[in-house]
Amino acid sequence: MDRKLTVQWNVIPYYIGDENRIRAFDDDDLASNGHLLAELIKLLPDLVTVILSGRAAQKAWDRYAPP
């Protein structure tokens with residue numbers, strides 16, 4: 001697939017952790033960023049397929065994706 005036809009998105013679009021290591025996401029991280037998922041989807045009117053990669057992506061999709 002042509003990369004020009006794809007969009008990659010991290011449901012938590014910033015580093016979570018400290019100067020030593022990344023930490024696991026928590027429900028507060030998802031809650032503070034979940035609305036961004038719906039906003040992104042609105043910007044993609046021709047969206048056909050969504051591939052969820054990881055627990056954070058699955059939880060965010062289940063909670064915040066538009067119906």
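I began with Leu52 and placed this residue in the loop that runs between helix H1 (27-42) and helix H2 (55-64). I note at the outset that the model is predicted.

I then looked up how much of Leu52 is open to the probe, and because its relative accessibility is 32%, I entered Leu52 as partly exposed. I also found Leu52 in a nonpolar surface patch of about 200 Å², which Leu52 makes together with Leu47 and Val50.

Next I turned to the pockets and recorded a volume of about 930 Å³ for the largest one. I listed the residues closest to the centre of this pocket, which are Val7, Gln8, Thr49, Val50 and Ile51, out of 27 that line it. When I sorted the lining by element, I found that H1 and H2 are the elements that give two or more residues, and that the largest share, four residues, comes from H2. I marked Val50 as a name to return to, since Val50 belongs to the nonpolar patch and is also listed among the residues closest to the pocket centre.

I then went to helix H1, where I looked up Asp29. Is Asp29 buried or exposed? I entered Asp29 as buried, because its relative accessibility of 6% falls under the 20% cut-off. Leaving out residues up to four places away in sequence, I found Asp29 touching Ile12, Tyr14, Ile16, Arg23 and Ala24.

My last entry concerns Ile22, which I found in the segment before H1. At 53% relative accessibility Ile22 counts as exposed, and with residues up to four places away in sequence not counted, I saw that Ile22 touches Tyr15, Ile16 and Gly17.

Technical notes:
Residues are numbered from 1 along each chain as its sequence is written. This is a predicted model: local features need pLDDT of at least 70, side-chain atom pairs count only at pLDDT 80 or more; totals for chains, interfaces and linings use all residues. Side-chain values use heavy atoms; hydrogens and water are left out. Patches are made of residues with over 30% relative accessible area and no salt bridge: like charges are joined within 9 Å, nonpolar side chains (Val, Leu, Ile, Met, Phe, Trp, Tyr) within 5 Å. Accessible areas come from the Shrake-Rupley method with a 1.4 Å probe; for residues, only the protein chains shown count as cover. A salt bridge is a side-chain nitrogen of Lys or Arg within 4 Å of a carboxyl oxygen of Asp or Glu. Buried means under 20% relative accessible area, exposed over 50%, partly exposed in between (1.4 Å probe, protein chains only). Contact means heavy atoms within 4.5 Å. On a 1 Å grid over the protein atoms alone, a cavity is a set of points where a 1.4 Å probe fits but cannot get out, and a pocket is an open set with protein on both sides within 12 Å along at least five of seven lines; lining residues have an atom within 4 Å of a point. Grid points are joined across faces, edges and corners, and a volume is the space filled by probe spheres set on the points.
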